[in-house]
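Biologist: Please take a close look at the place where the ligand sits. Which parts of the protein surround the ligand, and what do the cavities of the structure look like?

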Amino acid sequence: MTTARRSCIAAVLFALGTLPGASEEIGDAARGADLFARQCKACHQIGEGAKNRVGPQLNRIFGRRAGSVEGFTYSRSMARMGADGLTWTLQTLDAYLANPKALVSGTRMNYRGMAEPEARAALLAYLRDWSDRPQDIPEPEPTARKTDPDLAPEVLALRGDPDYGDYLASECQTCHQADGSDQGIPSITGWPEEDFVIAMHAYKQKLRPHPVMQMMASRLNDEEIAELAAYFATLK
Amino acid sequence: MKLNRRHFLGTGIAASALLTAPTVWGQAKPKVVVIGGGAGGATAARYLAKDSDGAIEVTLVEANPIYTTCFFSNLYLGGFYEFEKLQHGYDKLTGAGVTVINDMATGVDRAARTVTLAGGQVLPFDRLILSPGIDFRDGSVPGWSLDAAEIMPHAYKAGPQTQLLKKQVEEMPEGGVFAMIAPPNPYRCPPGPYERISMVAHILKSKNPTAKIIIADPKEKFSKQALFEDGWNRHYAGMVEWIGPDFGGGKVEVRPEAMEVVIDGEVTKVACCNVIPGQKAGKIAEIAGVTDDSVWAPVHPDSMKSKADENVWVLGDSSAQGDMPKSGFSANSQAKVAAMAIRGELTGSKTFPAKYSNTCWSLIAPDDGVKVGASYEPTPEKIASVESFISEVGEDAALRKATYEESLGWYAGITADMFG
Ligand SMILES: Cc1cc2nc3c(=O)[nH]c(=O)nc-3n(C[C@H](O)[C@H](O)[C@H](O)COP(=O)(O)OP(=O)(O)OC[C@H]3O[C@@H](n4cnc5c(N)ncnc54)[C@H](O)[C@@H]3O)c2cc1C
């Protein structure tokens, strides 16, 4: 780190302040609890000691295969969807709540659907509270909606900014060593920028198969990828 | 497009707000004290010193002169990694400009902004980072206390405890029973106990194939469960029995003197017993008064700053932040966000939206590695998971081997990132 660089920074000293959280909560769980009590509870139980009633108990529904609660007899239609691989996620549950028959034609759930997206989001947030917590079991379904990697204009204006490069690159350096050593994880230091950019976009589009890299690339936008390419190309 | 990171956008940059930094140039340098030189603390100290180029005085207080990583300590247990390779000193951190003090922090006066050490030294701070890891909750396993750890080791803080457990496993009599009392949520390293079971089974399979392993578990479900159960069936068929709460796995008592484990009233004589107790934030976080009734320390999701004090940060296992599991990877990721935020406050350097991530690798058998990971973003309420992945049951051997090799790379990478 050169002093020249530091004095430059001093000249453009400014504080962006921490930006508000980028991602969104699923919805208003308190409202969801209320909706559940009024529209679902007659048939479904959730929470400690929940049992199957007219409908299956709903604990741990996120990440669960459709039609898979032990001891509950499902419609043939629901059982088939489960066998075909339907898994309850934020997206599939949202579609099912919006119009059950659109997703599972022969479902026995006698419910017309919930038209208002915010109400569905609230209900989903409430149901999510009774599913596995990623803090305890890291693999469960997400608890928030991911935002687009599109960033605020203030951040985009930082393109080519060495501090931003430093910060972005610090995430890579938990695994990829700055000095270019590679033991089990490839070196990314000193790559031609173009190769770096192409590789990252291939992960982002899920053309290259590695799940960690797909995840890392998926939340970088074009500028950030270019920034990282420049950072690692010139890293000494 | 060619970008060069050494290019400065001198004028074009959107200088949104002018600096309100408390530092007046020429006055004494701002001081950051870091308590705990592990995954969170060492990373934070290193990044603060490295990125502030001497503008911040960084002092790291660590009780042990050598840090032994918990990560890969299970691999040591299984004979896949040497103990010496788990150990890391602090010389390079000193070289990077961090003042390392080898002592125990015993007091924090948040009003006076000082930390007191066991040796009597008093360290003033402008910002304090706490990353003391975990301590064990008293009474969480009836019959067990820290005094019994020489007989029934926890091996959940790496070091002599890990060596003791390995010795005990290797010396088990033929056909003996290895018992693990698994911890309740939340605890450090969700897949850790089950990776450990895999490693113990690996040793026993070759040394003591008629031995049995039982796990008494208060949890209905555990991390990577399908992957571990599949692996145990493939590699260690008939050896491992998991007793969940439906079968009394949550109702246990241990009798260290008699080497007995009582599960739901049934007494079993054991040859080796690994008790992993319930956990809480490292004691110094409690002393500092930044923990709450949950026994962890709540933090702001966008910076890891304590909710109890604007000059204090809590990282890693001790923090209550939301969805991130308590892992070395998480602590390292959080430390970078914290270092950036603190630098921003003290020197006016730029800050960027927080990004967090985690990946945990586990070894089930030789060349049979699996992983789980997620990315996280701050919401106003908590650090929330936004995307996750996990290895699949039935992956081919080449992929599992590559996953294991990748974990070796990760270990080399994160320890270099922590200690320089
Ligand atoms: C068996 C096992 C396997 C694991 N495997 C993995 C893995 O594969 N991947 C992964 O990411 N994580 C893994 N972990 C979890 C990981 O070790 C922890 O989550 C991580 O170390 C937490 O970092 P930390 O900074 O919070 O605490 P630590 O790394 O524990 O550091 C805390 C430090 O603070 C010091 N300290 C505490 N109090 C004081 C005080 N008052 N004064 C001075 N010093 C003090 C301690 O001596 C210690 O060095 C594993 C854990 C275990 C037990």
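Modeller: What follows goes through the ligand shell and then the two largest cavities. The model is a predicted one, and every value below is computed from it.

Start with the shell. There are 35 residues around the ligand, and B:Glu62, B:Tyr67, B:Ser131, B:Arg188 and B:Asp317 come nearest. Sorted by class, the shell consists of 17 nonpolar, 12 polar and six charged residues. Domain 1 (5–133 + 282–419) and domain 2 (138–275) of chain B each give at least three residues to this shell.

The secondary structure can be read in the same way. In chain B, at least two shell residues come from each of α1 (39–52), β2 (57–62), α2 (73–77) and α8 (328–347). Of these, α8(B) supplies the largest share, three residues.

Next come the polar contacts of the ligand. The side chain of B:Glu62, already named among the nearest residues, has an N or O atom 2.7 Å from an oxygen atom of the ligand. The backbone takes part as well: a polar backbone atom of B:Phe329 is 2.9 Å from a ligand oxygen atom, and for B:Ala39 a backbone N or O atom lies 3.2 Å from an oxygen atom of the ligand. On its own, the ligand has 1000 Å² of accessible area, and the protein covers 93% of that.

Now the cavities. The structure has four cavities of 30 Å³ or more, and the volume of the largest is about 120 Å³. Its lining is made of 13 residues, of which A:Tyr167, B:Asp51, B:Lys336, B:Met340 and B:Arg343 are closest to the centre. Two or more lining residues come from each of α8 (162–172) of chain A and α1 and α8 of chain B. By class, six of the lining residues are nonpolar, one is polar and six are charged.

The second largest cavity has a volume of about 100 Å³. Among the residues that line this cavity are A:Tyr167, A:Glu171, B:Phe329, B:Lys336 and B:Lys355. The elements that give two or more residues to this lining are α8 of chain A and α8 of chain B. The lining holds four nonpolar, four polar and three charged residues.

Some names recur between these parts. B:Phe329 has the backbone contact with the ligand and also lines the second largest cavity. A:Tyr167 and B:Lys336 are among the residues closest to the centre of the largest cavity, and both line the second largest cavity too.

How values were computed
Residues are numbered from 1 along each chain as its sequence is written. Chains are lettered from A and ligands numbered from 1 in the order in which they are written. This is a predicted model: local features need pLDDT of at least 70, side-chain atom pairs count only at pLDDT 80 or more; totals for chains, interfaces and linings use all residues. Side-chain values use heavy atoms; hydrogens and water are left out. A residue is near a molecule or strand if one of its heavy atoms lies within 4 Å of it. A polar contact is a pair of N or O atoms within 3.5 Å; within protein, one must be able to donate a hydrogen and the other to accept it, and residues adjacent in sequence count only if both atoms are side-chain atoms. Accessible areas come from the Shrake-Rupley method with a 1.4 Å probe; for residues, only the protein chains shown count as cover. Helices (H or I, at least four residues) and strands (E, at least two) are DSSP runs, numbered from the N terminus. Ala, Val, Leu, Ile, Met, Phe, Trp, Tyr, Cys and Pro count as nonpolar, Asp, Glu, Lys and Arg as charged, and the others, Gly among them, as polar. Domain bounds come from an automatic or database domain assignment. On a 1 Å grid over the protein atoms alone, a cavity is a set of points where a 1.4 Å probe fits but cannot get out, and a pocket is an open set with protein on both sides within 12 Å along at least five of seven lines; lining residues have an atom within 4 Å of a point. Grid points are joined across faces, edges and corners, and a volume is the space filled by probe spheres set on the points.
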